[in-house]
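Student: Please take me through one part of this model in detail. I would like the aromatic residues and their surroundings, in one connected account.

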Amino acid sequence: EARARVLDAGAGPGMVGLALAARVETCDVTGIEIDPVLVALGNENARRSGLAERVRIIAGDVTAPLAALEAEGVRRESYDIVVSNPPFLEAEASQASPLPMQARASTMPEQGLARWARFYAAMARPDGVLYLIHRADQLRSILDALDGRFGGLVIFPLYPKVGAPAQEQALASARHD
């Protein structure tokens with residue numbers, strides 16, 4: 001089969017994309033990360049893992065106009081798979097970390113999830129798939145943000161242990177409309 005093109009939105013140090021590339025030899029991963037320190041770390045992780053030919057992390061903001069990313073070769077509707085573990089705390093309902101890098105990585109600004117969802121939909125090719133890792137208690141917000149953009153939703157609750165509720169995260173998979 002042709003190589004799958006994967007986009008890791010909010011890649012951080014590249015762990016999700018690197019794990020995917022390590023397990024699936026037929027994929028190429030482009031990560032987008034806003035923090036230049038994490039971009040450098042992600043590319044170094046790819047190099048040290050022997051995956052630099054198939055994984056690259058570029059600096060960019062998924063909520064900004066797409067022109068800057070297009071200059072880096074990121075094209076609309078061209079990714080078979082979009083993966084993301086976006087900031088998961090609501091800014092208005094949580095106290096941000098005093099560490100700027102941690103605060104930006106974990107705190108989603110108001111209406112941020114809707115902007116991220118627009119980005120996912122813009123990047124996924126028709127019939128592309130989104131894998132979104134997020135908090136289970138944010139399922140309603142996730143469904144609202146994806147409404148009209150993705151269909152065929154499948155939710156995989158991640159349980160901390162047998163018999164305990166899925167309180168922290170759930171993995172959602174959706175097919176692009």
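Tutor: Contact here means heavy atoms within 4.5 Å. With that cut-off, Gly 73 touches Arg 5, Arg 56 and Tyr 79, not counting residues up to four places away in sequence. The model is a predicted one.

Stay with Gly 73 for a moment. Its place is in the loop between helix H3 (67–71) and E4. Gly 73 is partly exposed, because its relative accessibility is 28%. Its C-alpha lies 9.9 Å from that of Ile 58, and the two are 15 residues apart in sequence.

Two of the residues that Gly 73 touches are Arg 5 and Tyr 79. Arg 5 lies over the face of Tyr 79, at 4.5 Å from the ring centre.

The loop between H3 and E4 also holds Glu 77. Glu 77 has a positive phi of about 50°, although it is not a glycine. Most residues other than glycine have a negative phi. At 47% relative accessibility, Glu 77 is partly exposed.

Now the ring pair. A search of the whole structure finds one aromatic pair. The rings of Trp 116 and Tyr 120 have centres 6.4 Å apart and planes at 70°, so the pair is edge-to-face. Both residues lie in helix H5 (residues 112–123). They are four residues apart, about one turn of the helix. Trp 116 is buried, with a relative accessible area of 11%. Tyr 120 is buried too, at 1% relative accessibility.

Next, the packing. The largest nonpolar core has 25 residues. Tyr 120 is one of those with the most contacts inside it, along with Ile 32, Val 82, Phe 119 and Met 123. Strand E1 (4–9), strand E4 (79–84), H5, strand E7 (124–134) and helix H6 (139–146) each give two or more residues to this core. H5 gives the most, with eight residues.

What is Tyr 120 in contact with, leaving aside its neighbours within four places in sequence? The partners are Ala 9, Val 82, Ser 84, Pro 86, Leu 130, Leu 132, Leu 146 and Phe 150. Apart from the largest core lies another, of 13 residues, among them Ala 11, Ala 46, Leu 51 and Val 83.

One last residue, in strand E7, is Asp 127. Asp 127 has a positive phi of about 70°, although it is not a glycine. Its relative accessibility is 46%, so Asp 127 counts as partly exposed.

Methods: Residues are numbered from 1 along each chain as its sequence is written. This is a predicted model: local features need pLDDT of at least 70, side-chain atom pairs count only at pLDDT 80 or more; totals for chains, interfaces and linings use all residues. Side-chain values use heavy atoms; hydrogens and water are left out. Rings of Phe, Tyr and Trp (its six-membered ring) pair if their centres lie within 6.5 Å; planes under 30 degrees apart count as stacked, over 60 as edge-to-face and the rest as tilted. Buried means under 20% relative accessible area, exposed over 50%, partly exposed in between (1.4 Å probe, protein chains only). A charge sits over a ring if NZ of Lys or CZ of Arg is within 6 Å of the ring centre and within 35 degrees of the ring normal. A nonpolar core is a set of buried Ala, Val, Leu, Ile, Met, Phe, Trp, Tyr and Cys residues joined through side-chain atoms within 4.5 Å.
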